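The report below considers how charged side chains, helices and strands are arranged in one protein chain. It is written to be read alongside the sequence and the coordinates.

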Amino acid sequence: MHNSKGVISSKENNLLKRIRQLQQAGSKGQKARQESQLAVMEGIHLLQVWQGDPRLQSILITPAALTNAEIAAIIDSHCEQCPEVEIQLVDESLWSSITELERAPQIMGLVRLEPPKNTSKNLLGDTIVLDAIQDAGNVGTILRTALACHFNQIVCTAGTAHIWSPKVLRAAMGAHRYLTFYEAQSIDAVTSNIEAPLLATTMSAEHSLYSIEASLQKPVAWVFGNEGQGVSPKLLGQATLIRVPQNPKLESLNVASTAAVCLYETLRARGQFNS
């Protein structure tokens with residue numbers, strides 16, 4: 001098999017130890033990913049999306065997984081396009097020590113992360129600002145919707161769930177490959193450096209989402225805030241406040257649902273539904 005180095009048969013193998021570190025929840029996992037500039041993605045779908053991208057530098061599978069036609073196709077395609085990739089076989093008895101997916105086909109990859117980017121003056125074009133959104137599922141779902149709606153720049157303020165955590169990667173379903181991230185940005189950096197006007201959702205806003213069609217014709221920066229506290233006051237003070245109409249008996253929409261409504265309305269206003 002292409003670039004294979006034999007079968008890992010010890011749970012104490014350094015590569016398996018590293019993978020377990022990278023998959024840790026919370027700050028420990030984030031620190032490990034940032035220090036090594038690596039992230040773990042798992043499952044056939046994610047690896048299919050990333051095949052052919054040189055950032056996917058290692059693929060781990062069990063020998064039995066090679067009998068899966070989809071996995072074999074991923075290996076062949078990626079090795080052909082990225083001949084430097086390392087294919088690592090892992091004894092099936094050890095897979096449960098590294099996987100987060102029960103009963104799923106046994107394949108995962110290590111992706112090399114790009115150096116952190118800082119927002120600079122005049123960050124142009126459509127942008128999404130994730131303001132201290134803590135739930136990894138919400139973050140990943142917003143990223144998936146962002147790509148669907150042609151919003152490719154993602155700015156995260158401090159406190160946002162780590163973009164490259166396993167849960168965010170799974171929820172985003174491969175969107176990471178095509179997005180550009182600016183992580184751990186200060187509120188001042190957001191307000192000073194993003195060129196497009198900021199639009200922030202809040203229940204008490206005067207402007208309805210469905211009354212701002214003209215404003216959505218040009219690039220915008222949608223701001224979506226923390227699940228409990230919403231958008232930070234400093235960002236609200238710099239943004240045009242937008243209300244998503246809803247039944248007043250409901251306190252608020254889930255932030256990922258709000259983002260989907262706003263981003264698809266932006267698409268509709270621009271006549272891009274057929275793009």
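With which residue does E265 form a salt bridge, and how far apart are the closest N and O atoms? The partner is R268, and the closest N and O atoms of the pair are 2.8 Å apart. This value, like the others in this report, comes from a predicted model.

**Salt bridges**

E265 and R268 both lie in helix α9, where they are 3 residues apart, about one turn of the helix. The two partners differ in their surroundings, because E265 has a relative accessible area of 6%, under the 20% limit, and is buried, whereas R268, with a relative accessible area of 35%, is partly exposed. Elsewhere, salt bridges that share partners join D53, R55, E114, K117 and R177 into one network.

A further pair is found in helix α2, which comprises residues 26–36. There E35 forms a salt bridge with K31, and because the two residues are 4 apart in the helix, they are separated by about one helical turn. Both ends of this bridge are exposed, E35 at 60% relative accessibility and K31 with a relative accessible area of 52%.

D126 and R270 form a salt bridge as well, and this pair links distant parts of the chain, with D126 in the loop between β5 (107–112) and β6 (127–131) and R270 in the segment after α9 (255–269), 144 residues apart. D126 counts as buried, at 17% relative accessibility. In total, the model has 12 salt bridges, and the three pairs described individually are set out below.

| Salt bridge | Closest N and O atoms |
|---|---|
| E35 and K31 | 4.0 Å |
| D126 and R270 | 2.6 Å |
| E265 and R268 | 2.8 Å |

**Helix packing**

Helix α9, which holds the E265 and R268 pair, also packs with helix α5 (residues 136–148), at an angle of about 10° and with the axes 9 Å apart. The angle is under 35 degrees, so α5 and α9 are described as roughly parallel to each other. On the α5 side the contact is made by N138, T141, I142, T145, A146 and A148, which meet V255, A256, A259, A260, L263, Y264 and L267 in α9. By class, this contact has 10 nonpolar and 3 polar residues, and no charged ones.

Helix α1 (residues 14–22) packs with α2 at an angle of about 125°, the axes being 7 Å apart. That angle makes α1 oblique to α2. R18, Q21 and L22 in α1 meet G29, A32, R33 and S36 in α2, and by class the contact has 2 nonpolar, 3 polar and 2 charged residues.

**Strand pairing**

Seven strands, in the order β8-β7-β6-β11-β9-β12-β10, form an open sheet in which the pairing is parallel. Its edge strands are β8 (180–185) and β10 (207–208), each of which pairs on one side only. Within the sheet, β9 (residues 198–201) is joined to β12 (residues 240–243) by 3 bridges, the two strands running parallel, and T201 stands opposite I242 in β12.

The roughly parallel helices α5 and α9 also meet this sheet. Helix α5 packs on the sheet and touches β6, β7 (153–157) and β8, with its direction making about 175° with that of β6. Helix α9 likewise packs on the sheet, touching β6, β9 and β11 (221–225), and its direction makes about 165° with that of β11.

Another group of paired strands involves β3, β4 and β5. Strand β3 (residues 56–61) is joined to β4 by 4 bridges, and these two strands run parallel, while β3 and β5 pair in the antiparallel sense over 5 bridges. Among the residue partners, L60 has Q88 in β4 as its bridge partner, S58 has E86 in β4, and I59 stands opposite G109 in β5.

Why is β3 described as largely enclosed by the rest of the structure? The description follows because 5 of the 6 residues of β3 are buried. Strand β4 (residues 86–90) is also largely enclosed by the rest of the structure, because 4 of its 5 residues are buried.

How values were computed:
Residues are numbered from 1 along each chain as its sequence is written. This is a predicted model: local features need pLDDT of at least 70, side-chain atom pairs count only at pLDDT 80 or more; totals for chains, interfaces and linings use all residues. Side-chain values use heavy atoms; hydrogens and water are left out. A salt bridge is a side-chain nitrogen of Lys or Arg within 4 Å of a carboxyl oxygen of Asp or Glu. Buried means under 20% relative accessible area, exposed over 50%, partly exposed in between (1.4 Å probe, protein chains only). Axes are lines fitted to C-alpha atoms, for helices over the stretch in contact, and angles run from 0 to 180 degrees between N-to-C directions. Angles under 35 degrees count as roughly parallel, over 145 as roughly antiparallel, 65 to 115 as roughly perpendicular and the rest as oblique. Contact means heavy atoms within 4.5 Å. Ala, Val, Leu, Ile, Met, Phe, Trp, Tyr, Cys and Pro count as nonpolar, Asp, Glu, Lys and Arg as charged, and the others, Gly among them, as polar. Two strands pair if DSSP finds at least two bridges between them.
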